[in-house]
Structure formats: structure tokens, C-alpha cells
Amino acid sequence: MNEQQRIKILSDLTAIKSVNDNEQEVALYLQKLLKEHGIPSKLISYDDNRASLVAEIGNGKPVIAFSDHEDVVAAGDSWKTDPFKLTEIDGKLYGRGTSDMKSGLADIVIAMIELKENNTKLNGTVRLLASLGEEIGEYGAEQLTKEGYMDDVDALIIAEPSNTQTKDGTRILRLCYATKGSLDMQIQSKGKQAHSSLPETGNNAVQNLLDVLYKINNKIGKVNAIDPVTGKFLFNFDVISGGTQVNTIPASAKAEFNARTIKEFDNEKVKDIVNNSINELNQSDKKYHLSSKVLMQLDPVTSTKDNNLDKLIMKTTSKYFDNKFVQIGLSGITDATRYLKNKPDNFPMAIFGPGQTDLAHVSNEYIYKDFYLKFADIYKDIMKAYLK
């Protein structure tokens with residue numbers, strides 16, 4: 001494909017408003033594009049207007065999977081361009097999802113199409129896993145894993161934005177081989193409504209909630225766990241709600257938190273702190289009616305720094321860029337947490353995409369045009385080299 005054809009694919013994908021749903025339109029667009037070039041694919045339906053896509057070139061073993069998600073976050077405000085219209089300004093391609101991560105999705109598809117068009121011999125299989133719902137819950141990756149699309153995979157590349165830029169404008173290529181886990185929980189408090197002038201006739205659910213949050217916060221504050229690759233254990237209360245009006249003792253309240261977990265302090269240890277704190281208060285006084293539930297939990301992901309996949313990626317990429325190259329762990333989560341659920345810790349996995357990590361989810365999101373164009377060739381060379 002020439003430059004114009006490559007950019008049109010990203011432009012078409014950017015125009016699809018797949019904001020946390022409606023991913024099926026992305027899947028159908030890619031299915032049609034792949035079919036035009038003789039590549040069969042399969043829609044994996046999840047719900048109305050929601051579907052993932054699986055496509056392959058080559059056959060047999062080994063199998064290298066390239067994964068990218070179809071959804072994007074809401075555009076937000078303060079855009080200087082239309083977020084759903086790809087716009088080029090000074091070598092940058094602006095639009096929602098350009099970095100996170102429709103550029104990676106387009107590059108994977110372009111690489112597969114060009115290999116197919118050139119009748120490139122592959123001693124194995126390249127599999128595209130285009131997932132729905134990564135931004136909220138990784139539901140597509142979970143479904144694809146349950147339905148067996150990772151069972152025979154020998155190596156996995158996630159095309160999430162992995163690069164960064166220093167204050168002086170130096171662009172740094174980053175290859176990520178580990179991520180933190182993530183735990184979302186809700187804490188609920190039940191009380192009894194009453195007039196605020198007669199608080200003794202009611203039971204203040206908000207006050208009771210604050211008591212347990214204070215207890216949890218004290219215990220969490222004593223945790224000083226650090227992973228040498230992904231960094232510190234993180235914990236944040238992010239949502240608190242309760243009551244109906246200012247002159248009424250509230251009958252219910254709830255809080256939600258997110259923890260970014262590491263193997264040194266994992267999801268189970270966080271749940272223990274939360275549930276032990278709740279039980280201590282519930283047993284201490286009949287006024288407490290506290291409970292918790294898990295909203296989402298994903299385990300940390302760790303590969304090995306010097307696996308053959310990472311070495312192959314660095315060797316392949318070096319001829320395209322003079323930029324500095326580093327290997328890191330990420331604080332964020334990706335679909336890898338679902339795909340690698342039953343894989344060993346040393347499974348060859350890399351998070352390596354054309355986008356820039358700090359541009360994900362922000363207004364005026366963009367990708368450098370040269371990175372977008374070169375990564376299609378990089379992915380193509382990785383596919384060929386891995387299946388040589």
C-alpha cells in the first residue's frame with residue numbers, strides 16, 4: 001500500500017465512534033477490508049453492536065498473535081480539531097484513538113494484507129485478535145480467551161501505545177514486558193433514614209462508611225510494596241456517594257476504589273485488608289451494616305526481559321529508527337491480563353505499539369505520522385522473522 005492508502009485506513013477507523021461500545025462497526029469495516037485482499041476472518045459476537053474479530057494468514061505452528069482493541073474512550077472537550085476526523089498538523093495525525101490504539105490496529109491489518117498480497121511464505125500462523133471492550137473490563141479479550149483463541153498461541157504482541165517523549169522532544173521507543181494488576185471494589189454501607197434534628201432515631205450510613213474507609217486507609221498506608229519492574233503498589237478511593245439531602249440522615253452510602261497491584265502485594269492481599277476491616281466494624285457495633293463486592297480484578301502480567309520475542313522485536317526495529325530503545329514495565333493494564341491468564345510467567349509477550357503512552361485518553365490525542373507508517377513495516381518484518 002502507498003502512504004495515502006495506509007492513512008485512509010486509519011482515517012476510516014478514527015471516524016467510527018466506537019466509544020466503549022459499538023465495536024461491531026470497526027469489526028465489520030476490517031472484515032470487509034481483509035476480504036478484499038483474500039483474508040478470511042470471523043466475527044465473535046458479544047452483544048448488540050458489539051463484536052471482536054479474528055483473522056489469520058499462514059497456517060500451522062508456531063502461532064504469533066497480534067492484539068489490538070477496537071474501542072476508544074469518550075472524546076471529552078478542549079479539542080482543537082474534530083476528534084472523529086483524522087487531521088494532519090505538523091507531522092502529527094490527530095483524532096480519538098490515534099495513539100490508543102487504532103493506529104496499531106491499522107498497522108497490524110496493513111502488515112497482514114501486504115504479506116498476503118506478496119504471497120510471502122510463512123512457516124506458521126499470524127493471528128489478529130481485535131477485541132471489544134478493552135477500555136472497560138477487557139470483555140472481548142476475556143471472551144476470545146474462553147473460546148480458545150489463545151490456546152495454541154506461542155507468542156503475543158499487544159499493539160498498545162508504548163512509546164514516550166522527553167521534555168526536549170526526544171522520542172523514546174519502549175518495549176514493555178510486564179504490567180501491574182488492577183482491582184476495583186465497591187464498599188456499601190446500610191443505615192436508617194431519619195430527620196437530621198433527630199439523628200438518634202436513624203443510623204447514619206455515610207458516617208459508618210467513613211469509619212471503614214478510615215480504617216482501610218490506615219492499613220493500606222502501611223503497605224510499602226514495590227515491584228522492581230512495574231513500580232509501587234497503588235491505591236486510590238475514586239468514588240463516594242450517599243444520602244439524598246442535607247437535612248436527612250442517610251440510609252445508604254457507597255465508595256469505590258482502584259488498586260494497581262503487584263506480585264509483592266496482589267489482589268488477594270488488598271481484599272483481605274478490606275474485608276477484615278469491614279468484619280471488625282460489623283462485629284464491634286450493631287450500627288454497622290457494611291459489605292463489599294469486587295467489580296473487576298485482573299492479575300499482574302510478567303514476561304521475561306530477555307525472551308526471544310523481545311530480542312527479535314528490538315533487532316527488527318533498529319533498522320527503522322535511531323531513537324533510544326528501552327525495556328520497561330507498565331503501571332497500566334492491557335488485554336494481556338486476560339489473554340495470559342493460564343499461561344506461564346515466562347510466556348513470550350510484548351507490549352509494543354506505534355502510539356505514545358502519555359497521549360492515551362487525553363484531548364488532542366495524536367500519533368506521529370512517521371511512527372504510524374513505519375510500524376506497519378515493522379510488524380510485517382516481525383511476522384516474517386518470527387515465522388521464518
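Before the tour starts, one term: two residues are in contact when they have heavy atoms within 4.5 Å of each other. The model on your screen is predicted.

**Stop 1: the whole chain**

Begin with the full protein chain in a cartoon view. Its secondary structure comes to nine helices and 21 strands. The radius of gyration is 24 Å, close to the 21 Å that the globule rule gives for 388 residues, so the chain is as compact as a globular protein of that length. Turn the model along its principal axes, and the C-alpha atoms fill a box of roughly 80 × 45 × 40 Å.

Now show the surface. About 17,300 Å² of the protein chain is exposed, and carbon and sulfur atoms supply 47% of that area. Of the 388 residues, 52% count as buried. If you display contacts between residues at least 6 apart in sequence, 80% of them join residues at least 24 apart. Colouring by charge brings up 48 positive and 53 negative charges, whose mean positions are 2 Å apart.

**Stop 2: helix α7**

Next, select residues 308-317, which form helix α7. Which residues of this helix are buried? They are L309, D310, L312, I313, T316 and T317. Look down the axis of α7: the buried residues fall within an arc of 160°, so they line one face of the helix. On the face turned away from that buried side, pick out N308 and K315, which are exposed.

What covers the buried residues of α7? Add these elements to your selection, as the cover includes them:

- the strands β3 (63-69), β7 (155-158) and β9 (171-179)
- the strands β19 (324-330) and β20 (349-351)
- the helix α9 (369-386)

**Stop 3: two cis peptide bonds**

Most peptide bonds are trans. For one that is cis, select K61 and P62, where omega of the bond from K61 to P62 is near 0°. P62 sits in the loop between β2 (50-58) and β3, and β3 is one of the strands you have just selected around α7.

The next stop on this theme is the pair D100 and M101, also joined by a cis peptide bond, with omega about -10°. Here you are looking at a helix, for M101 lies in α3.

**Stop 4: two asparagines with positive phi**

Most residues other than glycine have a negative phi. Move to the loop between α1 (3-15) and α2 (24-36), and select N20. Its phi is positive, near 60°. N20 is partly exposed, because its relative accessible area is 25% and that class runs between 20% and 50%.

Then select N22, which is in the loop between α1 and α2. Phi of N22 is near 60° too. Buried or partly exposed? With a relative accessibility of 22%, N22 counts as partly exposed.

**Stop 5: T120**

Finally, select T120, in the loop between α3 (98-117) and β6 (125-131). T120 is partly exposed, with a relative accessible area of 27%. Show its surroundings, leaving aside the neighbours within four places in sequence: T120 is in contact with L115 and K384.

To finish, draw a distance from the C-alpha of T120 to the C-alpha of K190. How far apart are T120 and K190 in sequence and in space? They are 70 residues apart in sequence and 64 Å apart in space.

Terms used
Residues are numbered from 1 along each chain as its sequence is written. This is a predicted model: local features need pLDDT of at least 70, side-chain atom pairs count only at pLDDT 80 or more; totals for chains, interfaces and linings use all residues. Side-chain values use heavy atoms; hydrogens and water are left out. Helices (H or I, at least four residues) and strands (E, at least two) are DSSP runs, numbered from the N terminus. Buried means under 20% relative accessible area, exposed over 50%, partly exposed in between (1.4 Å probe, protein chains only). The radius of gyration is taken over C-alpha atoms; the globule rule is 2.2 Å times the number of residues to the power 0.38. Accessible areas come from the Shrake-Rupley method with a 1.4 Å probe; for residues, only the protein chains shown count as cover. Lys and Arg count as positive and Asp and Glu as negative; His and the chain ends are not counted. The place of a charge is taken as NZ of Lys, CZ of Arg, CG of Asp or CD of Glu. The arc is that of the directions from the helix axis to the C-beta atoms.
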